[in-house]
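Biologist: I should be grateful for a close look at one part of this model, chosen so that a first-year student can follow it from residue to residue. Please explain how that part is connected to its surroundings.

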Amino acid sequence: MPKISVIVPVYNVEKYISKCLDSLVNQTLKDIEIIVVNDGTKDNSQEIIDKYVKKYSNVKSYIKENGGLSSARNYGLKYATGEYIAFVDSDDYVDCNMYEDMYNKAKEGNFEVVACDLKYIYDEKEVLAYSNLKKDLITKEEIRKSYIYIYPSVWNKIYTKKLLQNIEFKENIWFEDVEFLYRLFPKIKNIGYINKHYYNYVQRDGAITSTFNNKLYDYIYNWNGVIDFYKKENLYDEYKKELEYCYVRYLYATFVKRAANYKNIEEYNKAVNAAIENVTKYFPNYRKNKYFYKSMKGIYLLLFNRTIAKKIYKKYNR
């Protein structure tokens with residue numbers, strides 16, 4: 001059994017895939033399984049992958065019809081045999097000692113999840129970014145409270161294979177990491193933290209275009225689904241305050257700001273209305289939640305209204 005299985009979904013990344021795979025085959029942790037899932041790529045990515053498969057015995061290649069990032073990750077999970085599971089996006093790369101250090105941390109503390117910090121990689125610079133953890137989380141209460149601040153990506157973490165049994169990424173959606181992690185959190189007993197910027201998150205051009213895409217509403221769709229999940233699993237009352245804060249934060253901050261970036265005032269106003277309608281429906285009394293009074297972002301969320309929304313649009317469209 002490999003110590004870690006790393007799942008790498010691939011779709012039209014011939015410009016990036018070699019750097020990604022180089023960073024994995026050169027890990028200081030040698031007992032590692034690299035599962036590369038070609039999700040119906042239309043470029044020459046597979047030709048590059050084949051070279052790595054031929055050269056490295058621990059690189060395994062799978063080809064499937066295009067189904068999106070979540071579909072590719074779920075496909076890779078079926079073939080992962082490692083004690084721990086990791087995910088790397090194929091346009092990103094990792095530091096060479098990332099998985100050895102994270103695996104050792106996991107074993108030393110018997111952690112189900114280990115998280116590290118990250119870097120944003122631009123053409124001309126690198127910017128340090130953080131998981132927002134300050135220490136290991138060893139109680140259920142600490143993990144519950146981390147909902148409101150933890151960096152919600154799957155790729156700066158490793159997970160025990162057992163933890164990921166019977167849970168998959170929701171397919172055909174955007175922003176799948178957030179949806180997946182918030183369904184996973186109640187199952188996690190502890191999280192280890194390494195204060196190292198090991199994951200390199202490449203910032204590609206063209207992430208936001210001038211054409212509005214209705215997939216942006218997956219933010220709302222995903223969070224409504226998360227709320228329904230907690231209610232179905234009889235977890236809602238226990239996690240309500242944290243869910244409430246996260247729900248409002250994602251709709252009034254992340255969702256609204258992304259909508260403003262599309263530079264379409266009519267679609268933006270529809271998005272703002274949708275955000276307000278859903279917050280009012282699910283959490284009409286959110287201003288009573290103590291979490292909102294602990295930070296400037298929380299104060300912004302308390303004050304958010306259509307007038308502030310207009311100012312946000314002007315800020316992003318000067």
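**Strand 1 and its surroundings**

Modeller: Asparagine 12 counts as partly exposed, because its relative accessibility of 29% lies between the limits of 20% for buried and 50% for exposed. The model is a predicted one. Asparagine 12 is found in the loop that links strand 1 to helix 1. Its phi angle is positive, at about 50 degrees, although asparagine 12 is not a glycine. A second case can be set beside it: asparagine 234, which is also not a glycine, has a positive phi near 60 degrees. Asparagine 234 belongs to the loop between helix 7 (218–232) and helix 8. With a relative accessible area of 71%, asparagine 234 is exposed.

Let us now go back along the chain from asparagine 12 to strand 1. This strand comprises residues 4–10, and seven of its seven residues are buried. The side chains point in two directions: Ile4, Val6, Val8 and Val10 face one way, while Ser5, Ile7 and Pro9 face the other. Residues of both groups are buried.

What does strand 1 pair with? One partner is strand 2 (residues 32–39), which is joined to strand 1 in the parallel sense by seven bridges. Within this pairing, valine 8 has valine 36 of strand 2 opposite it. Between these two strands the chain passes through helix 1 (residues 17–25), and the resulting β-α-β crossover is right-handed. Another partner is strand 4 (residues 84–87), which runs parallel to strand 1 and is connected to it by four bridges. Here valine 6 has alanine 86 as its bridge partner.

Isoleucine 4 shows how strand 1 takes part in the interior. The largest nonpolar core contains 119 residues, and Ile4 is among those with the most contacts inside it, together with Leu24, Tyr99, Phe185 and Tyr252. Helix 8 (residues 236–261) makes the greatest contribution to this core, with 15 residues. Beyond its neighbours within four places in sequence, isoleucine 4 touches several residues, including Leu29, Ile32, Tyr84, Ala86, Tyr99, Tyr103 and Ile158. Gly82, Asp31 and Glu33 are also among its contacts.

Serine 5 leads to another place. Threonine 81, in the loop between helix 3 and strand 4, is in contact with Ser5 as well as with Met1, Pro2, Glu33 and Lys161, its neighbours within four places in sequence being left aside. Glu33 is likewise a contact of isoleucine 4. Threonine 81 is partly exposed, at 36% relative accessibility. From threonine 81 to aspartate 43 the separation is 38 residues in sequence and 29 Å in space, taken from C-alpha to C-alpha.

The helix before that loop takes part in aromatic pairs, of which a search of the whole structure finds 37. Tyrosine 62 and tyrosine 75 form an edge-to-face pair, since their ring centres are 6.4 Å apart and their planes meet at 70 degrees. Because tyrosine 62 is in strand 3 (residues 59–64) and tyrosine 75 is in helix 3 (residues 69–79), this pair ties together parts that are 13 residues apart in sequence. Tyrosine 62 also pairs with tyrosine 79: the centres are 4.2 Å apart and the planes are at 25 degrees, so this pair is stacked. Tyrosine 79 is likewise in helix 3, and here the parts tied together are 17 residues apart in sequence. Tyrosine 75 is partly exposed, with a relative accessible area of 21%, and tyrosine 79 is partly exposed at 34%.

Technical notes:
Residues are numbered from 1 along each chain as its sequence is written. This is a predicted model: local features need pLDDT of at least 70, side-chain atom pairs count only at pLDDT 80 or more; totals for chains, interfaces and linings use all residues. Side-chain values use heavy atoms; hydrogens and water are left out. Rings of Phe, Tyr and Trp (its six-membered ring) pair if their centres lie within 6.5 Å; planes under 30 degrees apart count as stacked, over 60 as edge-to-face and the rest as tilted. Buried means under 20% relative accessible area, exposed over 50%, partly exposed in between (1.4 Å probe, protein chains only). Two strands pair if DSSP finds at least two bridges between them. A crossover is right-handed if, with the strands pointing away from the viewer, the path from the first strand over the helix to the second runs clockwise. A nonpolar core is a set of buried Ala, Val, Leu, Ile, Met, Phe, Trp, Tyr and Cys residues joined through side-chain atoms within 4.5 Å. Contact means heavy atoms within 4.5 Å.
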